[in-house]
Each structure stands twice: as C-alpha cells, then as structure tokens.
Amino acid sequence: MRPHPSNSADKLSMDPKDFSLSLGGPLFQLLRRAHLSNDALEMVRWRVLAFSLFAWLPLLGLSAWGGQLLGGGAAVPFLKDVDVHVKFLLVVPLLIVSELVVHVRMRPVLAQFLEQGLIPESARPGFDATIASALRLRNSVLAEVLLIAFVYGVGILVLWRHYSVLDTTTWYATPTAGGSTLTFAGMWYGFVSLPIFQFLAVRWVFRLFIWARVLWQLSRLDMNLIPTHPDRAGGLGFVSTVLSAFVPLAAAFGALIAGGLANRVFYSGAKLPEFKAQIAAAIVLVVLAFVGPLFDFAPRLAAAKRTGLLEYGALAQRYVREFDHKWLRGGAPADEPLVGSGDVQSLADLANSFEVVRTMRVAPVALQDVVRVAFAALLPIAPLMLTVMPLGELLRLALGLLR
C-alpha cells in the first residue's frame with residue numbers, strides 16, 4: 001500500500017503530471033527543515049546569502065588573518081582572485097536562482113503532452129512510468145551521496161589539486177617540490193567552499209541528465225503528432241520553451257569558464273586567443289547539454305513529416321485535379337461565378353497546409369532558441385575581450401556587427 005504523503009511538497013512530487021526537476025532530493029528536504037526554502041522553492045535570497053556567505057566569507061576572514069588579503073607575498077591575493085569571487089558571488093547565486101526558474105517554467109510542460117492529446121491512451125502507462133522513474137532519481141538519497149563522493153574523490157583530490165591550482169603562490173596554496181601546501185584559507189576553500197560549489201554544479205548536471213532521460217523515454221512512446229500544426233514541430237513546439245528556463249544556468253556555466261580564464265590571463269601570462277578553441281568547445285558542450293535532448297524526437301518528427309508529405313500530397317493532387325477539371329476544363333456550371341468562389345480560397349489554404357508540412361522541423365527547437373542559450377553562455381566571457389582590445393575599439397566592432 002502506497003504511503004500517504006505528509007505534506008504538500010511530497011504530494012506534488014507524487015503527481016506525474018506536475019513534474020519538477022528542482023523539488024525533491026535530500027538537499028531540498030534539508031533546506032526546508034532549515035527554513036531556507038518552502039514547497040514552492042521561494043526564499044531564494046536567503047539561500048543565495050546562506051550558500052554564498054558560508055562559502056566565501058570564511059575565506060575572506062582567513063585570508064585577512066593569514067595576511068593574504070591584498071598581498072602578503074602571494075602573487076594572487078584573495079581580493080584579486082577573480083575566479084573565486086566569480087564562483088561564489090556569481091555562479092553559486094545563478095545555480096540557486098536557476099532552481100526556481102526551471103521549477104516554475106518546466107512544471108506545465110510535461111502536462112501539455114496529455115492536455116494536447118499527444119499521448120494516446122495506449123501509451124499512457126509508459127508516460128506515467130517515465131515520470132515516476134524520473135521522480136525516483138530526482139529524490140534519490142544514494143544519488144546525492146554518490147555526487148558528494150565524486151566531488152571529494154575526483155573534483156577535489158584529483159581535478160583541483162592536480163589540474164586547477166595555479167602554478168604560483170596564491171592566497172590558498174604555496175607551490176613546493178612535492179606539490180602544493182595549503183594555507184588555512186586554502187583548507188577551508190578546498191574542503192568546504194569548493195565542494196559546496198562543485199556539488200551544486202554536478203547536482204545540476206545530474207538533473208539535466210534526468211531531463212534528457214525523460215525526453216528520450218517520451219520520444220520512444222507512440223504519439224499523435226500533427227504534421228500541419230502551425231508550430232512546424234508536429235505539436236511539440238512547446239517543449240522548447242524549457243530552454244528559456246535554462247538561460248540562467250547557461251550563464252552560470254559561462255561565468256565559470258570566464259573565471260578560470262581570467263586567472264590564467266591575469267596571473268599566468270596567458271593570452272585570451274590561446275583559449276579560443278577551448279572556449280568554442282565549451283560553448284558547444286553547454287548548448288548541446290540543453291538543446292541536444294530535444295533531438296531525441298527527431299525520428300518521430302521525421303516519420304510524421306514523411307507521412308504528412310505523402311498524405312497531404314495525395315489530398316492536394318486530388319483537389320487540384322478537381323479544381324482544374326471544374327474551372328479550366330468546363331466542369332463548372334455556367335451560372336457559377338468564379339469571383340467570390342470558395343474554391344480558390346480552399347486551394348490557397350491547402351497550399352499553406354502543404355507548405356507547413358514541407359517546412360516541418362525534425363526537432364522541436366528553432367535557431368533562436370540555440371542562439372539564446374549560446375549568447376547566455378558567451379556573455380560572461382565577453383568582458384575578457386578587454387584584455388585583447390581597448391574598450392573603444394571593442395564598442396566600434398560591436399556597433400559594426402549591429403548595422
């Protein structure tokens with residue numbers, strides 16, 4: 001017997017038609033008990049303050065205590081470390097704000113599959129099973145425990161200690177022959193602040209995986225797609241509305257890239273053009289992470305388009321033959337006027353319908369959706385262009401592109 005939910009958040013999580021990527025999971029429940037969130041993921045400001053200050057403020061105090069706030073022999077003192085401020089004062093707030101944005105804008109999306117009749121009754125059990133499976137993953141305690149283990153085992157001990165620490169004296173570490181020696185601020189950074197940041201980031205990666213899995217499973221169900229739907233996506237055009245919810249998240253990942261590059265440019269003698277291939281690859285990966293899952297529907301939409309071209313082509317052939325016979329071969333009654341006849345308008349309407357089928361997209365996403373996500377990811381990196389060319393020249397270039 002299924003237990004009865006004890007509160008509104010649990011009731012919401014059990015409803016497969018009211019899907020949310022953000023509600024649920026051990027961290028969400030912990031934040032509710034700490035009165036930093038409610039069932040609707042409000043109180044965003046308090047969560048931003050709690051996470052950002054708990055991760056950033058101790059670093060400020062410990063760096064000041066250790067004399068590395070503005071100097072103290074460190075080539076990269078705390079207040080001049082662009083990467084750390086971007087992480088905790090920009091990226092972390094964006095990751096937290098994204099939870100509410102995605103929650104609000106994604107909730108009605110999956111319900112549209114049912115409300116618009118895209119899922120036939122025969123496929124309803126598969127639809128419900130897909131949502132229930134996603135909710136179990138979202139709420140999984142084991143999943144978040146494994147994410148924490150990944151953060152400490154790989155993110156901190158491997159990636160950060162061996163690949164991310166700058167090869168110079170910083171407020172958090174001093175290079176030695178055997179590696180790097182952490183300062184007191186560096187210990188808090190490496191074992192408290194950075195894991196918090198990495199956990200929030202990989203938790204979002206995991207939830208994007210859940211979303212991609214949902215779309216992949218739904219794309220395998222039978223669907224009542226309409227080739228002549230004006231959204232030119234068989235009626236699935238509403239799915240792409242989720243991409244606007246991912247814009248803050250794309251900006252967060254872009255800011256993360258920008259922060260790391262800024263430190264390399266300012267303190268390691270690197271030049272921004274050296275990283276153009278890495279920047280391009282990172283932006284492509286960010287766009288693919290959000291847009292790529294929508295292409296799971298490509299086989300269904302391509303099949304619907306082929307069927308529509310055949311069926312509406314046959315209908316058009318029959319209609320134009322009858323139109324030709326009636327108005328050009330003497331088939332019309334002598335007293336029937338051509339002016340004002342509905343036949344011409346019907347022919348135009350049929351041509352418009354066939355054109356909709358012919359231009360039907362094989363994925364429920366438009367170019368502007370891709371551009372919006374890419375622009376959000378690139379925007380935080382744009383200020384680094386000032387290290388390559390003066391502001392005036394950069395503005396003239398931007399204005400030239402707008403002409």
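Me: Happy to start with helix 10: what distance does this helix reach from its first C-alpha to its last?
Reply: In this predicted model, helix 10 runs over residues 276–291 and has 16 residues. At 1.5 Å a residue, a span of 22 Å is expected. The reach from the first C-alpha to the last is close to that, at 22 Å.

Me: Nice. How wide an arc around the axis do the buried residues of helix 10 cover?
Reply: The buried residues here are Ile279, Ala282, Ile283, Val286, Val287, Phe290 and Val291. They sit on the same side of helix 10 because the arc they cover around the axis is only 150 degrees.

Me: And which exposed residues does the opposite face of helix 10 carry, turned away from the buried side?
Reply: The buried side of helix 10 packs against helix 7 (184–219), helix 8 (242–245), helix 9 (247–267) and helix 13 (367–378). Turned away from that buried side is a face with exposed residues. Those residues are Ala277, Leu285 and Leu288.

Me: Let's move to helix 4 and helix 5. Are they roughly parallel or antiparallel?
Reply: Helix 4 covers residues 82–115 and helix 5 covers residues 124–138, and their axes come within 12 Å. The axes cross at roughly 170 degrees. Angles over 145 degrees count as roughly antiparallel, so helix 4 and helix 5 are roughly antiparallel.

Me: How do the residues of that contact of helix 4 with helix 5 divide into nonpolar, polar and charged?
Reply: Helix 4 contributes Leu110, Phe113 and Leu114, while helix 5 brings Arg124, Phe127 and Ile131. Sorted by type, the residues of this contact come to five nonpolar, no polar and one charged.

Me: Good. Helix 5 also packs with helix 7; how are those two oriented to each other?
Reply: Their axes are 10 Å apart and the packing angle is about 170 degrees. With the cut-off for this class at over 145 degrees, helix 5 and helix 7 are therefore roughly antiparallel.

Me: How many residues of the contact of helix 5 with helix 7 are charged?
Reply: From helix 5 the contact takes Phe127, Thr130, Ile131, Ser133, Ala134, Leu137 and Arg138. Helix 7 supplies Phe206, Arg207, Phe209, Ile210, Arg213, Val214, Gln217 and Leu218. Besides nine nonpolar and three polar residues, the charged ones number three.

Me: Now a loop residue with a positive phi: is His35 buried or exposed?
Reply: His35 lies in the loop between helix 2 (26–33) and helix 3 (44–65). Its phi is positive, about 60 degrees, although His35 is not a glycine. Since its relative accessibility is 62% and exposed means over 50%, His35 counts as exposed.

Me: And Leu41, is that residue buried or exposed?
Reply: Leu41 is also in the loop between helix 2 and helix 3. Leu41 is not a glycine, yet has a positive phi of about 60 degrees. With a relative accessible area of 2%, Leu41 is buried.

Me: One last residue, Val356. Which residues is Val356 in contact with, leaving aside neighbours within four places in sequence?
Reply: Val356 belongs to helix 12 (residues 342–358) and counts as buried at 13% relative accessibility. Gly308 is 48 residues away in sequence, with a C-alpha to C-alpha distance of 9.8 Å from Val356. The contacts asked for are with Pro227, Thr228, His229 and Arg232.

Me: To step back, what share of the protein's residues count as buried?
Reply: The secondary structure comes to 14 helices and two strands. Of the 403 residues of the protein, the share that count as buried is 45%.

Conventions
Residues numbered from 1 in each chain as written. Predicted model: local features only at pLDDT ≥ 70, side-chain atom pairs only at ≥ 80, totals over all residues. Heavy atoms only, no water. Axes fitted to C-alpha atoms, helices over the stretch in contact; angles between N-to-C directions. Helix = DSSP H or I, 4+ residues; strand = E, 2+ residues; numbered from the N terminus. Parallel < 35°, antiparallel > 145°, perpendicular 65-115°, else oblique. Contact = heavy atoms within 4.5 Å. Nonpolar A, V, L, I, M, F, W, Y, C, P; charged D, E, K, R; others polar. Expected span 1.5 Å × (residues − 1). Buried < 20%, exposed > 50% of the residue type's maximum accessible area, 1.4 Å probe, protein only. Arc of directions from axis to C-beta.
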